Amino acid sequence: MERRDSAMSEKPIHFHPDGQEALVELLFQLADDDFLLAYRGSEWLGLAPHIEEDIAFSSISQDTMGHAAMYYQLLEDLGCGSADELAHARPASARRNAVLLERVNGPGHYLREPRYDWAFTVVRHYFYTQAKRVRLESLTKSSYAPLAEVAAKIQVELHYHLLHWHTWFVQLTNAHLEARTRMTKAIQDVAADFAGVLTLGAKGADMVRWGLIDDEKVLTERTIAALAPAFAEVGLDWPMPFGMKHGNGRNGEHTPDLDEALATLSEVYRAVPHAIW
Amino acid sequence: MAAMMTFTRLSDEEKYERFMQRIEAGEKIEADDWMPDEYRVTLIKLIAMHAVSEIMGALPEKEWVPKAPSLRRKLGIMAKVQDEMGHGQLLLRVAEDLMAPLGKTREDIIEDLLNERLKFHNVFHMPAPTWADAGLIGWLVDGAAIMTQTNMLDASYGPYARALKRICAEEVFHAQHGESIILALAEGTKEQKEMLQEALNRWWEALLMFFGPPTADTTGTSKQDITIKYRIRTKTNEQLRQDFFTKYVPRIWALGLEIPDETMHFDKEKGQWIYRQPDWERFKEIIRNNGPKSQERLELRRTAYKQNAWVRAALSAVRTAG
């Protein structure tokens, strides 16, 4: 008995039992957010506006998928199931990602007639990356040490992602009229669902109480403060208020876009049950 | 300077002679050096085709990137396909330098691809309907590519030889990535093994065609004589195909797979592999962009190109203003 206790203290994979639910909920939000956006990024492979962008974007999507994998691993360590199972086998209703991140890249399919919207992609990634940076900064001080460690690792990669999307955001918005019109429309579309990224959902207050992350109001203010200079730079009005037009993903509300994404990303995983790939 | 003055006064025949002496002595030709038109044109065609083949070659595997069956495989195949795009970019830049005196740019290469004036490698016109195809491409198609590219590592054109060194180093990782997928399937369930055997059956003929016909008799033309003359490559198509068999046939058999050619064996007396020729008539159709997936994959790129036209226009507006 004693031995078991000491083994457990060597590998502290348990949080306080009363706070565990809030921790698991937070980890699912973090994991699913990055996983779905990385998936949408992977659909762009080979289709980006030019070859240099194809390479850079793919690199960002790989990083993002890697971040998701680290969060799923934390969940696996907490006994929630294997990371691959959590990524591939959970139904839409169990997903906690913001709806904005599951939305399709545009009409069409990644293999047939992909009429993908680069403006939407740039704005979605730029907004999300700013929110993610703010969130990570808070998470580095999380009361759950393994999460704080992972956040510190991820933070290192975020600087480059942010620089990348900021450059696109400013260049396209400041370019010719057609580009500015498309970007303005994309900003409206993203803003209409961006509150869904910023919320911590129904268990948000518990997350704060257990010292896992800062309050969503504080995070939201910081995210807005981070985004505002870019709007001044391109001379556009601030797109407030943010909404949750297509539902609150933190509560398991999702769109058919997520069903389609899950069917595709788990097609092979589900093809032969219990197989090792 | 004096040497340069002397060189410019030489007749074309004399320049040609000096050029051939240089490459026969193993010297490297650089982008700004004098070179015969035939050499330049051959290189442009070869390198531009190689570049667009890397880019088009990303497409059959790209189909499986979002579907890869685990987090590790998702990350692996994304990185692999990204590398292929990177090779495309590297080669476009090499081709671009050669094309500069002709007043052409990489936009021309991409447009030639989309307008079908420039063809992409015959192996990338084939369907990849299962995850096993994605593994097989990594293992055997990249394995075959390593052979043809290693054959040009000492190419007389320095910038191409240097690009190939980097590409080959990465291709070795790709072949390992593919082999790892294949091993998991070969050691997996009955369904996984079947999936793998079917993929091999599907790709076998394409792998034979990969190296091109043995002689110019098959298709009427062949670049292999010119490229050997100019020390761009050393081995013939058939020598490369034989090398491929030597390396991979025993490995394929060792995995318990069947090669869909019952005549396949090594003839010790002749010192070569005996095999059934692929259908070279089919090959001719494929290299005219009439392969099973030629048009679909070109259409995918055309759609993306058209869809993003406004982005390119916006970027060039930014450049002009800057």
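## A walk from B:G291 to the contact with chain A

Start by selecting B:G291: apart from its neighbours within four places in sequence, this residue is in contact with B:H125, B:M126, B:E285 and B:I286. Keep in mind that you are looking at a predicted model.

Now show the helices on either side. B:G291 sits in the loop between α11 (280-290) and α12 of chain B. Is B:G291 buried or exposed? It counts as buried, because 22 other C-beta atoms lie within 10 Å, and the cut-off for buried is 20 or more. Next, add B:M56 to your selection. B:M56 and B:G291 are 235 residues apart along the chain, and their C-alpha atoms are separated by 14 Å.

Zoom out and select the whole of chain B. You can trace 13 helices and 2 strands here. Turn the C-alpha trace around: along its principal axes, it spans about 75 × 60 × 35 Å. For 322 residues, a compact globule would have a radius of gyration near 20 Å, and the 21 Å of chain B agrees with that. Buried residues make up 41% of the chain. Among contacts in chain B with a separation of 6 or more, 73% join residues 24 or more positions apart.

Bring chain A into view and look at where the two chains touch. How many residues does each chain bring to the contact? Chain B brings 41 residues and chain A brings 46 residues. On the chain B side, colour α3 (37-62), α4 (71-99), α8 (190-210), α12 (294-307) and α13 (309-321), each of which supplies at least two residues. The helix that gives the most to this side is α4(B), with 12 residues. By class, the side of chain B that touches chain A has 23 nonpolar, 11 polar and 7 charged residues.

Stay with α4(B) for a moment. Its 29 residues should span 42 Å at 1.5 Å a residue, and its end C-alpha atoms are indeed 42 Å apart. Of those residues, 22 are buried, so α4(B) is largely enclosed by the rest of the structure.

For the last stop, look for the nonpolar core. In soluble globular proteins, nonpolar side chains tend to be buried together. The largest core here has 159 residues, and those with the most contacts inside it are A:Y71, A:Y72, A:V123, B:I47 and B:A95. The element giving the most to this core is α3(B), with 13 residues. Finish on A:Y71: leaving aside neighbours within four places in sequence, its contacts are A:L27, A:L30, A:A31, A:D34 and A:V150.

Notes: Residues numbered from 1 in each chain as written. Chains lettered and ligands numbered in written order. Predicted model: local features only at pLDDT ≥ 70, side-chain atom pairs only at ≥ 80, totals over all residues. Contact = placed C-beta atoms within 7 Å. Helix = DSSP H or I, 4+ residues; strand = E, 2+ residues; numbered from the N terminus. Nonpolar A, V, L, I, M, F, W, Y, C, P; charged D, E, K, R; others polar. Expected span 1.5 Å × (residues − 1). Buried ≥ 20, exposed ≤ 12 C-beta atoms within 10 Å, placed from the backbone. Core = buried A, V, L, I, M, F, W, Y, C linked by C-beta atoms within 7 Å. Rg over C-alpha atoms; globule rule 2.2 N^0.38 Å.
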